[in-house]
Amino acid sequence: MRTGILGALIAFAAIVAADAVAQTQGLTFERAAYLTCRDAHALPRSQRVALAEFLADHVARHRGVTIPDGEQGAQLASLVRGGCTISPDAYLFVVIDRAVAAESGKLPKR
């Protein structure tokens with residue numbers, strides 16, 4: 001019985017993950033740029049992370065830097081989280097752009 005429940009949960013998680021990927025693949029910059037921090041917070045975690053990564057990649061390309069993993073990436077995420085906490089009605093894209101701009105001198109160039 002336990003194995004059946006575990007299998008059903010794994011199948012459900014795979015379906016949810018596939019749905020999140022499908023939704024973010026159809027996401028255009030024009031739609032994503034106008035989502036507020038509040039809108040993003042209402043999304044499931046996987047979609048919120050995919051949205052933030054999509055916007056951060058766009059900002060990084062525009063600014064000529066890369067978003068690293070590890071400590072620097074965590075610091076950027078912390079800046080974005082703080083910006084969204086202070087101003088939940090701000091566009092997530094703007095918050096991410098300002099965080100990358102603030103740290104661009106420390107980020108690796110493309």
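This short presentation describes the helices, the core and several buried positions of one protein chain.

Good morning. The model is a predicted one, in which local features need pLDDT of at least 70 and side-chain atom pairs count only at pLDDT 80 or more, whereas totals for chains, interfaces and linings use all residues. Residues are numbered from 1 along each chain as its sequence is written, and side-chain values use heavy atoms, with hydrogens and water left out.

I begin with the overall architecture. The protein chain has 6 helices and 0 strands; helices are DSSP runs of H or I with at least four residues, strands are runs of E with at least two, and both are numbered from the N terminus. The order of elements from the N terminus on is α-α-α-α-α-α. Of the 110 residues, 26% count as buried, where buried means under 20% relative accessible area, exposed means over 50%, and partly exposed lies in between, with a 1.4 Å probe and protein chains only. Among the contacts with a separation of 6 or more, 75% join residues 24 or more positions apart; a contact means heavy atoms within 4.5 Å.

I turn now to the core. A nonpolar core is a set of buried Ala, Val, Leu, Ile, Met, Phe, Trp, Tyr and Cys residues joined through side-chain atoms within 4.5 Å. The largest such core holds 22 residues, and Leu51, Leu55, Val80, Leu92, Ile96 and Val100 touch the most other members. At least two residues of this core come from each of α3, α4 (45-63), α5 (71-86) and α6 (92-103). The greatest contribution is that of α6, with 6 residues.

Next, the packing of α6 against its partners. For these values, axes are lines fitted to C-alpha atoms, for helices over the stretch in contact, and angles run from 0 to 180 degrees between N-to-C directions. Angles under 35 degrees count as roughly parallel, over 145 as roughly antiparallel, 65 to 115 as roughly perpendicular, and the rest as oblique.

The axes of α5 and α6 are 9 Å apart, and the two helices pack at an angle of about 135 degrees. They are therefore oblique to each other. The crossing of α5 past α6 is right-handed, meaning that the near helix is turned clockwise from the far one by less than a right angle, an anticlockwise turn being left-handed. On the α5 side the contact is made by Gln75, Leu76, Leu79, Val80, Gly83 and Cys84, and on the α6 side by Leu92, Val95, Ile96, Ala99, Val100 and Glu103. These residues divide into 9 nonpolar, 2 polar and 1 charged; Ala, Val, Leu, Ile, Met, Phe, Trp, Tyr, Cys and Pro count as nonpolar, Asp, Glu, Lys and Arg as charged, and the others, Gly among them, as polar.

For α4 and α6, the angle is about 50 degrees, with axes 9 Å apart. This pair is therefore oblique as well, and α4 passes α6 in a right-handed crossing. From α4 the contact includes Leu51, Leu55 and Arg63, and from α6 it includes Leu92, Ile96 and Val100. The residues of this contact divide into 10 nonpolar, 1 polar and 2 charged.

Finally, I consider individual positions. Valine 100 touches Val59, Arg63, Val65, Ile67, Leu76 and Leu107, apart from residues up to four places away in sequence. Its partner valine 65 lies in the loop between α4 and α5. Valine 65 counts as buried because its relative accessibility is 1%. Beyond four places in sequence, the contacts of valine 65 include Val100, Leu107 and Lys109. The C-alpha atoms of valine 65 and lysine 109 are 4.2 Å apart, although 44 residues separate them along the chain.

Threonine 36 is located in the loop between α2 (29-32) and α3 (37-42). With 15% relative accessibility, threonine 36 is classed as buried. Outside its neighbours up to four places away, threonine 36 touches Pro88, Asp89, Ala90, Tyr91 and Leu92.

Cysteine 37 belongs to helix α3 and is buried, its relative accessible area being 5%. Its contacts, not counting residues up to four places away in sequence, are Cys84, Ser87, Pro88, Ala90, Leu92 and Val95. From cysteine 37 to glycine 83, 46 residues apart along the chain, the C-alpha separation is 8.8 Å.
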